[in-house]
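Please open the model in a viewer and keep the selection panel at hand. The stops below concern the surroundings of the bound ligands.

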Amino acid sequence: MPRVDRIAEPWGTRTPYGAGDEWPVRVDRFLQEGVREEDVERWAQSASILHSNGDALDIAVSDGRIVGVRGRAADRVNRGRLGPKDLYGWQANHSPDRLTRPLVRENGRLVEADWDTAMERVAGRAKELLDEQGPSALAFYTTGQLFLEEYYTLGLIAHGGIGTNHVDGNTRLCTATAAAALKESFGSDGQPGSYADVDHADVIALYGHNVAETQTVLWARILDRLAGPNPPALICVDPRETPAARAATVHLANRPGTNVALMNGLLHEIIANGWIDEDYLRDHVVGFEELRERVADCPAEEAARICDVPVGRLREAARLIGTADRLLSTVLQGFYQSHQATAASVQVNNVHLVRGMLGRPGCGVLQMNGQPTAQNTRECGADGDLPGFRNWSNDAHVAELARIWNVDQLAIPHYSPPTHAMQMFRYIEEGSIRFLYVSGTNPAVSMPELHRIRSILAQERLFLVVQDIFLSETAELADVVLPAATWGEKTGTFTNADRTVHLSEKAVDPPGEARPDLDIFLDFARRLDLRDKDGAPLVKWSDPEGAFEGWKECSRGRPCDYSGLSYEKLRGGSGVQWPCDDAHPDGTERLYADGAFWSAPEVCEDYGRDLVTGAPLSPTEYKALNPDGKAVAKAAEYIPPHEPPDDEFPFALTTGRTLYHFHTRTKTARAPQLQRAAPEVWVEMSAADAERLGFAEGDLLEVATRRGGVQARLRVGGIRDGVVFLPFHYGYWDRPDAYDPEKGPDKGMGRAANEATVTDWDPVSKQPLFKTAAARVSLVERGRGLPAPAPTTTASRPAGPEGAVPATSGGAEAEAEESVAASGGAR
Ligand SMILES: Nc1nc2c(c(=O)[nH]1)N[C@H]1C(S)=C(S)[C@@H](COP(=O)(O)OP(=O)(O)OC[C@H]3O[C@@H](n4cnc5c(=O)[nH]c(N)nc54)[C@H](O)[C@@H]3O)O[C@H]1N2
Ligand SMILES: Nc1nc2c(c(=O)[nH]1)N[C@H]1C(S)=C(S)[C@@H](COP(=O)(O)OP(=O)(O)OC[C@H]3O[C@@H](n4cnc5c(=O)[nH]c(N)nc54)[C@H](O)[C@@H]3O)O[C@H]1N2
Ligand SMILES: [Mo]
C-alpha cells in the first residue's frame with residue numbers, strides 16, 4: 001500500500017472521476033508506529049470528531065488502547081478517506097495530562113476530589129439558587145462536540161426539568177447563522193443538499209468557506225472532480241488566497257464584511273439577465289418581487305466598488321452561476337461570523353430559489369456546519385432552539401413537547417427565544433445568572449474580547465462548572481471541574497453537515513475516573529431529583545441507546561425525523577441521512593425535492609425576522625407573508641461593517657483556522673504530527689502591505705485593536721491588501737507566559753486572536769463577529785532570518801518564490817497508508 005506523508009499532502013492521492021459517476025473508494029489508514037495490521041485486536045465503528053464532515057472511520061484497538069484509525073470504505077460521506085486531523089488527532093486521548101479525577105476549588109485552588117463530593121457541590125449550589133432566585137439564575141453553555149444522546153438529555157434537564165431559558169451552545173459562535181438562514185428561507189433548520197451533489201454539479205460556489213482546510217475530505221472529493229472529465233467550474237469568495245481560491249475558475253477576494261453587497265450584485269446580474277426559473281418562483285416561493293426591487297439598485301459596478309473586486313470578475317461569477325445546470329453552493333464562517341451574517345447567507349439561498357435549483361442531483365445548498373455534532377445541538381434543543389426544530393412561539397409545538405416529556409406546558413419556558421450565549425455572558429456580568437455549567441467548550445479562548453470573558457468567568461459570585469477532558473483555560477477558572485470521557489471512550493450518535501447520522505461505538509475505557517458526559521448529566525438530574533408531572537423520574541433512560549430511543553419519539557413527525565433509525569441499523573454499513581421514518585426507511589438524500597417546505601405557519605420552526613434589524617415577525621405577520629408554506633425569498637440592503645478601518649486602525653482584521661489545528665488545540669496540539677505542522681501563532685499580510693511598511697517574513701509584529709492584541713510572526717502571503725489574518729487556535733494552556741496585561745494596548749497583549757475581537761453580533765442569528773475588526777500593526781522586533789511558524793500547504797502559503805521557506809512536512813512519522821480500490825464500495 002502506498003504510504004503518503006499526509007502532513008505534506010493533506011488531501012492525499014487523486015482518484016479522478018466524472019460528472020454523475022460514483023466517487024471511487026480510497027481507504028486511508030494510520031497505525032501507531034510499530035503496530036501492524038495483525039496486532040489490531042478489534043476495530044470499533046465511529047466517525048471523525050474534529051470537523052463537521054462526518055468522515056466514517058474505524059478505531060483500531062490493541063491491548064485496551066487506541067492504536068490507529070482507518071476510513072470506512074462503505075460510507076457515503078468519505079468512501080474511506082480521512083483528513084490529517086482524523087489520522088493523527090486521536091493520539092490526544094492518551095495524553096498523560098487528561099483529567100482523570102474531579103477537581104473542586106478549596107481556598108482558591110483546584111484540588112482533587114471524589115465524584116460524590118464534586119457532584120454534591122454542583123447539585124447543592126444549583127438547588128440553593130433554585131430556592132433563592134429560581135431557574136433563571138442557572139445557565140447551561142454546551143458545545144457542538146458531544147453526542148446526540150447527551151444533548152437531548154441536557155436539553156430535557158434544562159428546558160423541561162430546571163425550567164431555565166438560558167441554554168445555548170458554542171454553536172452560537174459557529175452555526176447559529178446556518179440555522180437562522182435555513183429557517184428564514186425554508187421555515188426550518190435542515191440542510192437541503194447532500195455531499196453527493198459534488199458528484200453532479202457543473203458549478204460549485206464556495207462562500208466564505210475554506211473547505212480545503214476545514215473539510216479536507218469534501219475538498220478531496222471536489223479535487224477528484226476537478227481532476228476528472230467535465231470538471232465543474234469553481235467560484236470562491238474569500239479575501240484570502242485559500243487552496244480553493246487558487247483552484248477556482250473565479251476568485252472574488254472581497255473586502256471583509258461586504259458579503260451582502262456582493263450577493264446583491266450577483267443576484268442583480270442573474271435577475272437582469274433573466275437567468276431565473278419563473279415557474280419555480282411562481283409555484284414555490286413568496287417574496288420574489290421584493291427581492292427583485294431590492295437588488296435592482298445594486299448593479300454589478302456598485303457591488304464591485306463596495307467589495308473592491310474587478311467588475312468583470314463579478315460578472316463572470318454571475319454568468320457561471322446564472323447559466324449553471326446544476327449548482328452547488330456552500331456557505332461558512334466568512335459569511336456567518338460577519339455583521340450581516342444571516343442577511344448574506346440568505347442571499348445564497350435566494351440564488352437557488354430564483355434559479356429553481358433545489359432538491360435535484362447537483363442542485364444543493366450547504367449552509368455548512370463546523371463542529372462534528374453541531375447539527376445535534378440544534379436538533380435536540382441544547383442551544384437556543386427547542387427539540388425537534390419546534391417553534392418556541394407556537395403553543396401547539398410547546399404543548400406537544402410537554403406531552404412527550406410528561407411535564408406541564410408552563411414548565412417549559414417559552415416566553416421568549418432561549419437566551420443566546422452573548423446575552424448569557426451579559427447576564428452573568430450583571431449578576432442575574434449565578435451558576436454556569438459549561439460542557440465541551442473553552443470560552444476563555446474562543447469567545448470575543450477575552451479580557452472581558454475572563455473577568456466574567458472569574459467573578460466570585462458566579463458558580464462555574466466545567467466539564468472537559470483537559471484542564472483548559474476555562475477549567476482553570478472553575479469552581480468544580482468534571483473529567484469527561486470522550487470520543488472512543490463512550491457510545492453515541494452524531495449527525496454531520498449533510499444530515500448523515502453515524503454511530504460511534506466505545507472502543508476503550510476512559511482514563512482514571514473520567515465518565516461519559518451522558519452519565520454526568522444523568523447523575524446531575526438524579527441529584528436534583530427532577531420529576532415529571534406524575535412524580536416519576538423526568539429522565540427515563542440510563543444509557544445512550546435509551547436516550548436515542550427517547551429522541552426518536554421526540555423527533556417523530558418533525559423535519560429531523562429519526563424514528564426509522566436504530567443503533568442496529570447504523571451498525572456495519574454507511575451512515576444514514578435523516579429524515580428516516582416509515583416512509584423513508586433508508587433515509588433521505590435531498591430535502592425539498594418536490595418544492596414542498598416545512599414552512600407552513602403551523603409547522604415552521606420560526607416566524608422569521610427582519611434581516612437588517614433582527615426584529616421578529618409576529619405569527620400574524622408570518623401567516624400573511626407565507627400562508628401556504630412556500631419558501632421565502634428575503635431581501636436585505638447592504639450595511640457597512642460596524643468597525644471599518646480608519647487612520648488609527650488602518651487594517652481589517654479577520655481570524656480563522658488552519659488545516660492542522662482544531663480550535664483551542666486541546667486535542668491537536670497533543671498530536672505531535674499536527675502540532676509540529678503549525679506550532680505557534682502567526683499573522684498574515686499581503687506582500688504589498690509588508691513592503692509598504694517595511695516588514696519582512698518572520699518579523700515579530702503586534703496586531704492590536706481597540707480591545708487588545710496579539711504578538712505574532714509575519715507570514716507574507718496571498719491575502720488581499722489591507723487585511724490581516726490571525727489563526728484563533730493559540731491560547732495559553734501550553735504557554736501561560738504568553739499573556740501580558742502590561743504590554744500593548746489597555747487590555748494586554750497575548751497570543752489568542754480573541755484578545756482583539758469585538759463584542760458584537762449579527763442581529764438575526766446573534767452570532768458574534770470574528771471576521772471584521774479594525775486593527776493596527778507595528779513592529780516589535782526583526783525576524784532572525786527564520787520564516788513565520790505557518791504552514792506552507794494552506795492559505796498561509798508564503799507569497800515569495802517557491803523554496804524560500806521550508807515546505808511543511810510531517811516526515812516518516814506522518815506516513816499514512818492509502819489504498820485505492822475499484823469503485824463499488826468494498827467493505
Ligand atoms: N482544520 C480545521 N478544520 C475545522 C475546524 C478547525 O478548527 N480546524 N473547525 C470546524 C468548525 S467548528 C468550523 S465552524 C469550520 C469553519 O470553517 P471555515 O468557515 O472554512 O473556516 P474559517 O477559517 O473560520 O473561515 C473561512 C474563510 O472565511 C474567510 N473570510 C474572512 N472574512 C471574510 C469575509 O468578510 N467574507 C468572505 N467571503 N470570507 C471571509 C477567511 O479568509 C477564511 O478563509 O471548520 C471546521 N473544520
Ligand atoms: N477569533 C475567532 N474565534 C472563534 C472562531 C473564529 O473563527 N475566530 N470560531 C468560533 C467557532 S466556529 C467555534 S466552533 C468555537 C470553538 O470554540 P471552543 O468550543 O471553545 O473550542 P474547542 O477547543 O473545540 O473547545 C472544546 C472543549 O471541549 C473539550 N472536549 C473535547 N471533547 C470533549 C468531550 O467529549 N466531552 C467534554 N466534556 N469535553 C470535551 C476540549 O478539551 C475543549 O476544552 O470558536 C469560535 N471562536
Ligand atoms: Mo465552529
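Select ligand 2 and its shell, and colour the shell by residue class: in this predicted model, 10 of the residues are nonpolar, 19 polar and 6 charged. The shell comprises 35 residues, and those that come nearest to the ligand are N170, S446, D468, T664 and N754.

Next, display the side chains that make polar contacts with ligand 2. Begin with D468, where a side-chain N or O atom is 2.5 Å from an oxygen atom of the ligand. Then move to Q145, which places a polar side-chain atom 2.7 Å from a ligand oxygen. Finish with R657, whose polar side-chain atom lies 3.2 Å from an oxygen atom of ligand 2. Switching on a surface shows the extent of the enclosure: of the 910 Å² of accessible area that ligand 2 has on its own, the protein covers 99%.

Now hide the ligand and view the space it takes, which is the largest cavity. Cartoon representation helps to locate the secondary structure here: α4 (171-174), β17 (463-468), β18 (480-485) and β24 (651-656) each give two or more residues to the shell around ligand 2. At the domain level, select domain 2 (114-174 + 373-469 + 514-559) and domain 4 (651-781); each supplies at least three residues to this shell.

Proceed to ligand 1. Which residues are closest to ligand 1? Among the 33 that surround it, these are D238, G257, Q333, R657 and H661. By class, this shell holds 8 nonpolar, 19 polar and 6 charged residues.

For the polar contacts of ligand 1, show both backbone and side-chain atoms. A backbone N or O atom of T214 lies 2.9 Å from a nitrogen atom of the ligand. N259 instead uses a polar side-chain atom, 2.9 Å from a ligand nitrogen. At G334 the backbone again takes part, with an N or O atom 3.3 Å from a nitrogen atom of ligand 1. The protein covers 100% of the 910 Å² of accessible area that ligand 1 has on its own.

Ligand 1 sits in the second largest cavity. Highlight α7 (211-214), α15 (333-336) and β24, the elements that give two or more residues to its shell. The greatest contribution is that of α15, with 3 residues.

As a last selection, colour domain 3 (176-368 + 598-632) and domain 4 (651-781), from each of which the shell around ligand 1 draws at least three residues.

Terms used:
Residues are numbered from 1 along each chain as its sequence is written. Chains are lettered from A and ligands numbered from 1 in the order in which they are written. This is a predicted model: local features need pLDDT of at least 70, side-chain atom pairs count only at pLDDT 80 or more; totals for chains, interfaces and linings use all residues. Side-chain values use heavy atoms; hydrogens and water are left out. A residue is near a molecule or strand if one of its heavy atoms lies within 4 Å of it. A polar contact is a pair of N or O atoms within 3.5 Å; within protein, one must be able to donate a hydrogen and the other to accept it, and residues adjacent in sequence count only if both atoms are side-chain atoms. Accessible areas come from the Shrake-Rupley method with a 1.4 Å probe; for residues, only the protein chains shown count as cover. On a 1 Å grid over the protein atoms alone, a cavity is a set of points where a 1.4 Å probe fits but cannot get out, and a pocket is an open set with protein on both sides within 12 Å along at least five of seven lines; lining residues have an atom within 4 Å of a point. A molecule sits in a cavity or pocket if more than half of its atoms lie within 2 Å of its grid points. Helices (H or I, at least four residues) and strands (E, at least two) are DSSP runs, numbered from the N terminus. Ala, Val, Leu, Ile, Met, Phe, Trp, Tyr, Cys and Pro count as nonpolar, Asp, Glu, Lys and Arg as charged, and the others, Gly among them, as polar. Domain bounds come from an automatic or database domain assignment.
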